Structure formats: C-alpha cells, structure tokens
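Please take a look at the structure below. The report that follows goes through strands, cavities and cysteines in turn.

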Amino acid sequence: MTEADRPLPEAFLRQAAQEGRGRLKVFLGAAPGVGKTWEMLTDGRQRRDAGVDVVVGVVETHGRRETEALVHGHEIVARREVDHQGHSLGEMDIDAILERRPGLVLVDELAHTNAPGSRHPKRYQDVEELLGAGIDVYSTLNIQHVESLNDVVASFTRVRVRETVPDSVLENAEIEVVDIPPDELIERLRDGKVYIPQEASRALTHFFSKSNLSALRELALRRAAQAVDAQMLDHVRSHALAGSFAVGERIVVAVSELPVAAELVRAGKRLADALKAPWSAVYIETRRSQAMTDDDRRQLGDTLALASRLGASTATVPAASVVEGLRSFARDARATQIVIGKSSRPWWFEMRHGSVVDQLVRTIDDVAVHVLPGEPEVKAERPAPPVPGRWGKPSHYIWSLAMVAAMTALGRLLIEVIDLGNISLLYLVPVMFAAATFGLRAGLFAGLVSSLAYNFFFLPPTGTLTVNNPENVISILVLLGVAIVTSQFAARVRAQADLAQSSARQNAALASFSRQLTAAPDQDRLMQAICAEVGRLLDVRTVLLLPSADGPTLRAAVPPEDRLEQIERAAAQWAMDNAQPAGRGSATLTASDWLFHPLQTTRGVLGVLGLTRDDAQAPVRSDQVPLLMSLLDQASIALDRMELEEASLQARQVDERDRLRSALLSSVSHDLRTPLTTILSAAQEMRRHPTAEMAETIETEALRLNRFVSNLLDMVRVEAGALPMKAEATELFDAAAGAAHDTRASLAGHDVLIEIAPAIPLVRVDPVLLHHCLINLLDNAGRYADPGTPITIRARRIADAVLLSVIDQGPGIAPGNETRVFETFTRLEGSDRAKHGTGLGLAIVKGFAEAMGLTVEAGNNGEPHGACFTIRIPEALLVKDMTVEDIP
C-alpha cells in the first residue's frame with residue numbers, strides 16, 4: 001500500500017469517536033421566521049410515520065397556529081418548571097427524556113440559555129448529553145448564533161447576540177439550510193407571521209433590512225458548505241479515496257527562501273479572499289536546504305510568519321524533491337489550486353536540474369497551477385558563500401581510504417580462490433559505507449580510490465596503472481560507474497534520513513512544548529512555562545510582556561529579570577502596536593539587545609516574547625526560525641485559551657453571585673417577612689386579649705427568626721473560613737438528645753427516635769458545631785417528612801469510622817441531586833427539598849462538618865422510604881483512651 005492509498009488515521013479516530021453516539025441534525029436559517037421549526041417538525045413527522053420513536057423535547061411555537069398544528073400528534077415530554085426570581089420558567093426535562101429513551105427527540109432553539117439551577121447552563125450542552133446517550137436529535141439554529149460568526153454578524157447588523165453555540169457542535173452535525181428569499185421573509189414579517197405588528201415594524205427598520213438578510217443568507221449558505229466540505233474530506237481521507245473532490249476551493253502556496261516568496265504569499269491571500277477559500281503556505285525541505293545561508297533562513301522565516309499573519313496555515317515538509325513534496329502535500333490537503341513562482345535561470349541550469357514548475361504541471365492532476373513570474377535568482381548573480389564543512393572532515397576520507405585498503409588486503413588473500421571479476425565487487429563495500437556514513441563526496445572519493453586500487457593491485461600488469469586488456473578497461477569503468485551511482489543513492493537516503501530525523505526532533509520538541517503548556521494550571525505558570533521551554537529549546541534568555549495602561553508589563557522571565565531598559569520597552573511596545581518583530585535581528589529598533597516577537601491570535605496581539613543571548617549574538621539562529629514560528633503559534637493559542645478560560649470563570653462567578661444575590665433576596669423577603677408578620681399579628685392580638693398562647697407564638701416565631709439570622713451569620717463564617725473550633729470528647733447520644741430538645745417546636749407531630757448504642761465510642765469534635773449540624777438536619781427532616789412519621793437519629797460503627805445519620809420518612813431525594821442539596825440557597829424540584837426554606841441549613845452542615853474534619857453525604861433510605869443524611873466521623877477522631885484533656 002502506498003502513502004496515497006493509506007487511509008488517514010486521524011479521520012478513522014474521529015469516526016470512531018462518533019460510534020455509539022446519537023446523530024445531530026441542525027436546521028440552519030439566516031434569521032427568525034424562515035421556517036426552521038416548521039421544517040424540523042415536518043421531518044420529525046415523516047420519521048415518526050416511518051416507524052421511528054419520536055418525541056418533542058421542547059418546541060417554541062411563538063403562538064403561530066401553523067406550528068402548533070404540526071406539534072399536534074407528537075408525544076411531548078412535559079417541561080420541568082424552574083422558579084427564577086418569582087417567575088416559573090419551563091425548561092426541557094433532560095432526565096425525563098433520558099428515562100424515556102426515544103429514537104429521536106426534537107429540540108428547538110439550540111442556542112437557548114437555560115434558567116439558573118439547570119444541570120447545564122446552555123441547551124446545546126443538554127443536546128450533547130442526549131447524543132452521548134445514543135439518542136438522535138433534531139434542532140434549530142440561526143446563523144448569528146454561531147460563535148465564530150458572531151463578530152461578523154455584529155459588524156453589519158449592529159446587533160451582538162449573546163447566546164452563541166461553539167463551532168465544534170456543528171462539526172459532526174448534519175446541516176440542512178432552511179432558506180427563503182429576503183423579500184419573502186420581509187413579506188412574512190409584515191403579515192405578522194414572525195413578530196407581532198409593533199415589533200415587526202421596528203425589526204424591518206433595523207435587523208430585518210434587505211441588505212442584512214442577504215448577508216445573513218450568504219453566511220448561512222457558506223457555513224453549511226464548509227461543514228459539508230469538512231465532512232466530505234473526513235470521509236475520503238478515512239477511505240483513502242483518490243482525487244481532490246473540488247467541491248470547495250483549497251489553495252496551497254509554495255514558498256522558498258527567495259525574496260519573491262513574499263509576493264507569492266500576498267498573491268495567495270488575494271486569491272483565497274476572492275474565492276472565500278482556506279489556504280496554506282508550505283516550504284519543501286530538501287537536501288538543498290542544508291546549504292542555505294543565515295540570510296536565506298531568516299528570509300524563509302519572515303515569509304512563513306507573513307503567511308501566518310495573513311491567515312494561512314503554515315507547514316514545512318521534508319521530501320526528496322520539491323515536486324514530490326508539493327504533490328504529497330497537495331494530495332493530503334486535497335488542494336484544488338497551487339500558487340508557485342518561477343525564477344529566471346540560465347538555460348544550462350534548467351538543462352542540468354530541470355524546472356520545478358514544468359515537472360509539477362506535467363505530473364500533478366486535478367489541480368490548477370498558478371505560475372507567477374519571479375525576479376532573476378539572486379544567487380546566480382553572486383558567488384555563493386562558502387559553507388563550512390561542505391567537503392566533510394578529513395577523518396571521513398581517512399576512514400574511506402582505510403576501508404579501501406582493507407578490501408584490497410582481503411582481495412589479495414582471496415585472489416587464488418575467486419575470479420578476478422568478483423574481486424571488484426569487494427570494493428562496493430567501502431563505497432556504500434562512505435556514502436551512507438559520510439556523504440556523497442566521501443563516497444565518490446572511495447569509488448575513485450577503489451578503481452585505482454583495483455587497477456594497481458589486481459589488473460595485469462600489476463603494480464602499474466597501465467591496462468593492457470581492453471576488457472579490463474571496461475571493468476574499471478563499470479566499477480567506477482557503479483561506485484558513483486551507489487554513492488548517489490546512499491547519499492540521497494542519508495540526506496532523507498537526516499531530514500526525517502530533523503523533522504522528528506522538531507515535532508518532538510513541539511509536542512513536549514504543547515504538553516508543558518497544557519499542564520499549566522493558571523496564567524502565571526503558563527507564561528513561566530512558555531519562557532522556560534522556549535529558552536530551553538532555543539538556548540536563549542526569554543521574557544514575556546503583556547500590554548497594560550502603563551505600557552508593556554514584565555510578567556515572566558527565564559532566568560528571572562527585574563527590569564528592562566527603555567530601548568527594550570520601546571521595541572516591545574512597537575511589536576505590540578504593529579504585530580511585527582522588533583529589536584535585534586529585525587528591521588526595527590535594532591539597537592535593542594532583545595528581539596521581541598508578538599504573540600498574536602484572531603483577537604489581536606496578546607503580548608510579546610523577548611529573546612536574547614549572553615554572547616551578544618543574534619537571538620535566533622537562522623535554522624531555528626521555523627521552530628520559533630511554531631513555538632510562537634502554540635504559545636499564542638495557549639495564552640489565548642487561558643485568557644478565555646479566566647474570562648469565562650469570571651463570568652460564571654458573576655452569574656453565581658447574581659444567582660446567590662437573587663436567592664438571598666428571595667429567601668430573606670420570605671423567611672423574614674413570615675415570622676415578622678406572625679409576631680406583629682400576635683402582638684396586636686395580645687394587646688387586646690393577652691394569653692399565654694399568643695406569648696408562645698411570639699416566642700416560637702422569634703426563635704425561628706433568630707435561627708434564620710444565625711444561619712446567615714454561620715454561612716458567612718463558613719465561606720470566610722473563620723470558624724472558631726475547640727475539639728473535645730463528645731458523647732453522641734447526649735449530642736443527639738440535646739439537638740432533639742432544642743428543635744422540639746419545629747418537630748411537633750414527629751417522634752424522635754435515638755438509636756445510639758452505648759458501645760459507640762466518644763468522638764473528638766467541637767460540640768457546638770456538631771450541635772448546629774444536628775439542629776439543621778433535624779429541622780430539615782421536620783420540615784419535609786410526611787406528617788406523623790418518626791425521625792430517627794442513628795449511629796453505627798463500621799471498620800474505619802462511625803456513621804451518624806438523620807433519617808426521615810418522606811419523598812426522598814431525586815437521583816443525581818445527592819450532592820447539589822448541599823449547595824448554598826439550593827432548593828431542588830422533585831424531591832423532599834421542594835418546600836419552602838432558605839437553602840442554607842444543609843450548606844451550613846457541610847461547612848461545619850468539613851471544618852471539623854468530617855464528611856456529610858445525602859441519600860435515600862431503603863425501607864421505609866425517605867431521605868438519609870449521614871455524617872461520617874473517621875477513625876482518627878474516635879476517642880479510644882481517655883486522657884486528662886478529654887475530661888470536660
């Protein structure tokens with residue numbers, strides 16, 4: 001099997017990752033009102049009629065009678081009601097769908113944001129869970145909600161959509177574009193089929209203008225075409241199908257170390273923009289690359305950096321020849337067009353080496369080749385500078401000569417045994433050894449010396465270089481020719497091996513660099529890892545600076561740097577402002593000892609990386625430029641990812657604070673107002689008719705109010721880590737009895753059963769915190785247990801701990817919510833946590849328990865059914881031998 005016939009392993013892996021998952025089909029539209037939901041319901045009805053088990057997870061009809069008629073007849077999974085800021089919101093019940101396990105579920109509005117308290121913040125995450133469970137999903141999406149196009153849409157609509165879906169969700173989805181002409185959509189809008197008349201008139205003058213709709217329509221069609229193209233490429237690569245499959249254009253620009261290569265890159269960029277096509281810039285590394293000068297390598301690095309800045313993917317491919325490398329890369333990239341330059345060279349040069357352009361045009365199929373005329377090759381006009389070590393070391397020739405001498409001695413020993421013609425074959429050994437080990441020139445030297453030695457020592461008359469027999473002349477010429485050809489092949493194999501080894505070292509370095517960046521837990525350590533790894537791989541000193549209001553700020557350095565001079569800061573600022581290198585070795589501010597490269601992504605320049613050497617030489621050697629470009633690309637992506645993650649974390653923290661604030665306001669407004677209202681009513685009644693019952697009511701509600709305020713203060717102490725603790729030996733039976741006594745009012749109507757055997761050992765905990773834990777657990781049980789049922793406090797000994805449990809007899813806790821019940825202000829639906837309450841009690845239990853070194857778990861009791869909250873007291877806190885300190 002040839003390389004071209006081999007299926008691509010990465011494509012196989014992507015296909016394998018989809019095994020067992022459900023299939024996603026997205027109905028993509030340019031704008032609301034094009035009929036996405038209608039089309040989804042129609043397809044769903046056809047699948048149902050074909051025998052597929054179809055249910056509706058969530059469909060937004062927006063009051064449209066035609067859509068409601070299509071929903072009729074489908075099985076609808078009831079929505080889950082979520083209480084948010086006093087309003088009841090209906091969200092898709094993912095647990096009910098997973099339990100129902102249909103063959104296909106219809107989920108409208110993929111970009112929808114779920115109500116706070118839902119399992120996932122976004123609906124597309126609900127869909128991912130359904131797909132992971134093997135359930136097929138149909139969903140709808142407008143093009144402005146695709147994350148990568150959000151900025152593009154906002155640039156011409158002046159409307160930025162906050163609800164977006166990552167592009168990765170669409171990578172493996174089947175996309176069906178639901179499209180109608182802009183004029184027809186505007187007519188539907190005017191007829192009130194999209195929005196109510198007041199909203200429709202406003203939309204027509206803003207978002208729904210004809211120019212906006214036309215642009216959105218083009219974006220939707222192009223995004224669908226890109227998805228289809230990517231899926232088609234995966235299929236042909238996994239099946240090793242031949243051909244470019246030129247449904248969409250893909251451009252490859254062949255670059256070199258010549259200055260004209262920059263013009264090729266710009267021409268490729270213009271062509272890619274005109275065709276709206278992805279493009280790549282590739283350099284083919286051959287044996288000729290080893291003779292490149294420092295200026296050549298620097299020019300090549302600048303060309304690849306230019307291509308990267310203009311949006312191309314860059315690559316360096318080792319190959320035996322430029323034509324072979326280009327053909328291989330174009331085949332793997334499924335390129336449809338190649339841009340290449342043709343330099344003006346003397347006719348004798350092309351006679352000797354051939355023309356890359358002519359060979360490429362003759363040998364490549366199904367690909368258009370754009371040839372741009374170039375300037376006369378500069379190297380032809382000036383003598384090439386000497387390359388150190390071009391002829392090899394003297395030791396190489398000494399070893400070659402020694403091998404020839406050894407074969408001569410062996411031939412003299414075997415002259416009486418084998419024919420003279422076979423003696424010449426012995427001399428192929430030093431030729432191949434020299435060519436494979438030391439290179440082409442050493443191999444040619446070994447071939448020449450071998451022919452002379454064969455003539456001098458074996459061909460009559462021996463001892464001279466004279467040849468009497470014409471047949472022997474032919475033998476010498478054949479030996480010399482075979483030596484030359486063998487040297488050529490051996491040297492070519494060695495050069496390819498050297499290229500492959502160099503490429504493998506660079507790939508290994510990049511892989512190691514990527515692993516180091518991925519392992520960094522935060523931005524500071526990520527920046528330090530970037531400096532350390534770049535410094536190690538390039539043997540340089542490094543600094544990393546980020547932009548700030550006061551100019552470039554030093555954030556990391558290896559070895560540590562306290563400050564930079566003014567010229568260095570100026571160079572760093574220039575690199576940030578212009579997104580180009582500055583400093584020593586660049587074309588700007590060369591007086592700086594440092595070379596600064598921008599760390600750039602699609603979001604702009606994130607910072608600059610500075611490099612310098614202690615020996616005052618150029619910071620980056622010419623042969624290190626391609627590696628540096630790759631390192632900068634990876635560092636930029638890692639830094640961008642870290643910044644986005646931190647921004648996302650901050651956004652989640654803000655959302656969480658808003659959620660807690662809303663929950664606190666809701667809880668305080670209810671749990672303060674209720675007892676205060678009761679106290680005020682009782683006080684007014686006592687003023688008219690003083691009774692002991694009224695006084696008891698006031699006292700009970702005041703205690704309830706006091707407990708609520710205490711819970712708030714305790715929660716603040718838990719979150720601040722300011723819990724005073726004094727651990728001492730505590731009897732669990734006494735602790736349980738004291739907690740039951742203090743909660744007798746809230747446990748009215750329930751018997752408290754204490755099942756703690758005398759054999760249970762004392763535990764070393766803070767009795768006050770343990771008392772608060774038990775009070776909150778009993779209060780929770782009394783609030784949610786069925787009326788008239790007992791509440792049990794049970795302790796039992798296991799191998800490595802004592803388990804103290806509070807058990808009620810109620811509906812229990814819904815599966816999957818055993819951990820969430822301990823979150824602050826959490827009151828879950830569908831469980832015994834559904835009744836009124838602050839949502840603080842169980843969070844306080846968890847905080848107090850962890851402060852004492854205990855753990856708390858929630859679960860369901862078997863028989864009788866109910867909730868069970870268990871405090872686990874580890875073996876280390878059990879009192880086995882009483883000491884003086886344990887005596888209260």
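## A parallel pair and its crossover

Which residue in E10 does valine 253 stand opposite? The partner is alanine 281. The model is a predicted one.

This pairing belongs to strands E9 and E10. Strand E9 covers residues 251-254, and strand E10 covers residues 279-285. The two run parallel and are joined by 4 bridges. Helix H11, residues 261-275, completes the unit: E9, H11 and E10 make a right-handed β-α-β unit.

Strand E9 is covered on both faces. Ile251 and Val253 are buried on one side. Val252 and Ala254 are buried on the other. The general pattern fits: in a regular strand, side chains alternate between the two faces of the sheet.

## An open antiparallel sheet

Another sheet is built from 5 strands. It is open, and its order is E15-E14-E18-E17-E16. The pairing is antiparallel. Strand E15 (553-558) and strand E16 (582-583) stand at the edges. Each has a single partner strand, so one side of each is left without a neighbour in the sheet.

Within this sheet, strand E14 spans residues 541-546 and strand E18 spans residues 604-612. They pair in the antiparallel sense over 5 bridges. Valine 543 stands opposite glycine 610 in E18.

## Cavities

How many cavities of 30 Å³ or more does a search of the whole structure find? The search finds 2. The second largest has a volume of about 40 Å³.

What lines the second largest cavity? Ala30, Ala31 and Val34 contribute, together with Ile180, Pro181, Pro182 and Leu185. Leu213 and Arg217 are also in the lining. Helix H8 (182-190) and helix H10 (210-238) each supply at least two lining residues. By class, the lining holds 8 nonpolar residues, no polar ones and 1 charged.

## Cysteines

How many disulfides does a search of the whole structure find? The count is 0.

Are cysteine 773 and cysteine 868 buried or exposed? Buried means under 20% relative accessible area. Cysteine 773 has 1% relative accessibility, so this residue counts as buried. Cysteine 868 has a relative accessible area of 14%, so this residue is buried as well.

Key: Residues are numbered from 1 along each chain as its sequence is written. This is a predicted model: local features need pLDDT of at least 70, side-chain atom pairs count only at pLDDT 80 or more; totals for chains, interfaces and linings use all residues. Side-chain values use heavy atoms; hydrogens and water are left out. A disulfide is a pair of cysteine sulfur atoms within 2.5 Å. Buried means under 20% relative accessible area, exposed over 50%, partly exposed in between (1.4 Å probe, protein chains only). Two strands pair if DSSP finds at least two bridges between them. A crossover is right-handed if, with the strands pointing away from the viewer, the path from the first strand over the helix to the second runs clockwise. On a 1 Å grid over the protein atoms alone, a cavity is a set of points where a 1.4 Å probe fits but cannot get out, and a pocket is an open set with protein on both sides within 12 Å along at least five of seven lines; lining residues have an atom within 4 Å of a point. Grid points are joined across faces, edges and corners, and a volume is the space filled by probe spheres set on the points. Ala, Val, Leu, Ile, Met, Phe, Trp, Tyr, Cys and Pro count as nonpolar, Asp, Glu, Lys and Arg as charged, and the others, Gly among them, as polar.
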